[in-house]
There are 4 protein chains.
Amino acid sequence: MKEDTTRIEAFSDGVFAIAITLLILEVRLQHVGSAGRLSTALFALWPYYFAFALSFFVILVTWMAHHQLWRLVRGTSRSVQLANGCALFYVTFIPFPTAVLAANLGGAEAETAVAFYCGTFALGSAAFNLLVEMIARSHLFRPEVDVMTVGRIRRGYRITFVFYVSATLLALVAPYVALALTIGVRLFLLSIRYQPAPVAPAAVS
Amino acid sequence: MKEDTTRIEAFSDGVFAIAITLLILEVRLQHVGSAGRLSTALFALWPYYFAFALSFFVILVTWMAHHQLWRLVRGTSRSVQLANGCALFYVTFIPFPTAVLAANLGGAEAETAVAFYCGTFALGSAAFNLLVEMIARSHLFRPEVDVMTVGRIRRGYRITFVFYVSATLLALVAPYVALALTIGVRLFLLSIRYQPAPVAPAAVS
Amino acid sequence: MKEDTTRIEAFSDGVFAIAITLLILEVRLQHVGSAGRLSTALFALWPYYFAFALSFFVILVTWMAHHQLWRLVRGTSRSVQLANGCALFYVTFIPFPTAVLAANLGGAEAETAVAFYCGTFALGSAAFNLLVEMIARSHLFRPEVDVMTVGRIRRGYRITFVFYVSATLLALVAPYVALALTIGVRLFLLSIRYQPAPVAPAAVS
Amino acid sequence: MKEDTTRIEAFSDGVFAIAITLLILEVRLQHVGSAGRLSTALFALWPYYFAFALSFFVILVTWMAHHQLWRLVRGTSRSVQLANGCALFYVTFIPFPTAVLAANLGGAEAETAVAFYCGTFALGSAAFNLLVEMIARSHLFRPEVDVMTVGRIRRGYRITFVFYVSATLLALVAPYVALALTIGVRLFLLSIRYQPAPVAPAAVS
């Protein structure tokens, strides 16, 4: 069983590592035209740097959350593998809304672009909720993860989902506030969700 | 011998993870022109989202099947490595027919595009059949995999091959029916082919 | 020491897996224009399919050779890491000459394109020769690899280098013969170089 | 704790391997136009080959330094994971300044391009300094890494940072000298920083 988790974690790690590295392919001088001075062009690319940095941070934090979650899991089932596939689907999709965001930051259609970007997070959060449900229903949390902890994890993911749906709606009227909120919530989650490696009995690791 | 399998599985996992993540590079706003409203453009990209999601699902299911198969294998030989290379060749090729499909869904040449897409599956299935044959002929299935199981696996892969060849031909007259069938067969295979990790003797894993 | 080899092999595997998967990005319908029927365009792309398949095969065989070589190595040194870096440099470069080859197969400048393609193999072979030399000089072959085996490996790599240099020169006058020879030599090497996993004493693996 | 390091190292290795392999996507014949002879075009691409080779070398050396550093670490904390994320952010960013450098080598705005390229190294060095600080402050260096060694590592990274900031400023007036210096410093670091695997007590590895 242990081995199974290793394999799915390695595959997931690969997908995370590739998605986070592909983001840079959208940062190109062509986006700002080739006329004028190079320094002007490099400054004009700021929305691309911003979107790149933001999505890099999003994928990194998602990887950390995924990592945290799987450390509590003792094996896989078909439904868990498919739910994990949905979560990875979200991760591989991120470069596209990032490109849409970069091309429209500060533009006339920022509302649509930010709503699309935040809507992607809402769908991603739905996928992570599905993954947590499938792990819980297949009784695949490690024995030392008690019922209360599982309940806390589920509630945390549900609240995050509601938050991203709200941010998506908010983006339609106040895109930059919505964007700031999705950054803020991740910084907050980062500060509460992370726990150092449990002092696990030797048999577990 | 064990070590050998680990290395080829890790390499294969890398190829699967990269191919599945590269798919997103084909989803671009440029495909629908830059005139008009952003929301209109985002909706007009539906064939690209559909093709992306479908090929993501195809590669994910193929990875799960590959994973399942290799769990039954105890080592490699040159012919097995080459046959596995053919299977990976198919996996890395998928982004191209996906792009062709996306550009022609709902268009005047959907027949050709879907036939090309399904034809790729037929070739991929041929590669997987070759892999299973090579493993069987090199006597590299684990000792606990009995003759009947090997026979069942071989038959399963042969039937899948015949199915994809039929779907390719069908696509020339009824592309959307063919497409629906290739999705259906994967959902069906997913429900029968998957088995939880065998309760293997400690020495095996 | 053992651990060190694992890490460099994993990194190398990643580079091989990515380079082999990136090749498909060069197969695009845009290369043959968008006018005319889709089926005609798909056929007209044959040089791209051919170059893709050939370079896929080249990288796969190179991975197998790299894998074979590292199984004989017990640790790394700075010079070995740098020489391995040169070998990986060659691997990551392959997509470019592949694109040049595809764009010129059957064209008026096939000589230049094939010479560039074969010249890349010559440089790659030089890098592998350097790697073998560095491993040998740092005395990092495993103890069970005797002097005669090391001598045979060195000679094999030197002959391959001379062969690729000759193929590069030949390409300037007879490109398709040179191309056929570089395919042939790989099929030949594949048949002689591969050895099944040695029945190593338990302490080694 | 050990396991935790393995996972973050594997993720980092993936990012390094992908970033180093993506560099080739910027080497394209289109950069020099399609008119004229192929051989002329292949020669005219020299700034792209040079930038590709240089950034390949930079990422390889950075990977070796990252590898060296993590071998001294016994676990992770949230702040270490975030600092490592900053270091990886730098690594994934490299393909963009590489493209800017290639497009401007020998051109009228080489100063800006080289300053941007060296400035990226300065930011990357800042990220690595942060990582070393976080590891030191979280007391996550292995017990056998004594206070003097930690002090030497910290000083080394600080000096490198000052060097890259200076090179960035120098690039504004003498770009090619600055470029030569950043290559030279890496060759120098390579010769002093590398140490063979320590003869660690069995319990450590």
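How far apart are the closest C-alpha atoms of chain B and chain D? They lie 9 Å apart, and no contact joins chain B and chain D. Keep in mind throughout that this is a predicted model.

## Across the assembly

Chain A and chain C tell a similar story: their closest C-alpha atoms lie 9 Å apart, and no contact joins chain A and chain C.

Now for chains A and B. Turn chain B by 90 degrees, with a shift of 0.0 Å along the axis, and it can be laid on chain A with an RMSD of 0.0 Å. The two copies are thus related as by a four-fold rotation axis. The surfaces they use are different, though: just 8% of the contact residues of chain B recur in chain A.

## Inside chain A

Chain A has eight helices and zero strands, so there's not much suspense in its pattern along the sequence, which reads α-α-α-α-α-α-α-α. Measure out a box along the principal axes and the C-alpha atoms of chain A fill roughly 65 × 30 × 30 Å.

Chain A has 205 residues, and 43% of them count as buried. Take the contacts in chain A with a separation of 6 or more: residues 24 or more positions apart account for 79% of them.

## Where B touches A

On this interface, 25 residues of chain B are in contact with 27 residues of chain A. Three helices of chain B each supply at least two residues of its side: H1 (2–22), H2 (38–44) and H3 (46–70). The largest share of that side comes from H1(B), with seven residues.

What is the chemistry of the chain B side that touches chain A? Its residues divide into 18 nonpolar, five polar and two charged.

## A helix pair in chain D

Over in chain D, helix H3 (residues 46–70) packs against helix H5 (residues 95–104), with their axes 8 Å apart and an angle of about 150 degrees between them. Angles over 145 degrees count as roughly antiparallel, and H3(D) and H5(D) are therefore roughly antiparallel to each other. As for handedness, the crossing of H3(D) and H5(D) is right-handed.

Which residues meet there? From H3(D) come D:Pro47, D:Tyr48, D:Ala51 and D:Ser55, and they meet D:Thr98, D:Leu101 and D:Ala102 of H5(D). Sorted by class, this contact of H3(D) with H5(D) has five nonpolar residues, two polar ones and no charged ones.

Note on methods. Residues numbered from 1 in each chain as written. Chains lettered and ligands numbered in written order. Predicted model: local features only at pLDDT ≥ 70, side-chain atom pairs only at ≥ 80, totals over all residues. Least-squares fit on C-alpha atoms with pLDDT ≥ 70 in both. Contact = placed C-beta atoms within 7 Å. Helix = DSSP H or I, 4+ residues; strand = E, 2+ residues; numbered from the N terminus. Buried ≥ 20, exposed ≤ 12 C-beta atoms within 10 Å, placed from the backbone. Nonpolar A, V, L, I, M, F, W, Y, C, P; charged D, E, K, R; others polar. Axes fitted to C-alpha atoms, helices over the stretch in contact; angles between N-to-C directions. Parallel < 35°, antiparallel > 145°, perpendicular 65-115°, else oblique. Left-handed = near helix turned anticlockwise from the far one by under 90°.
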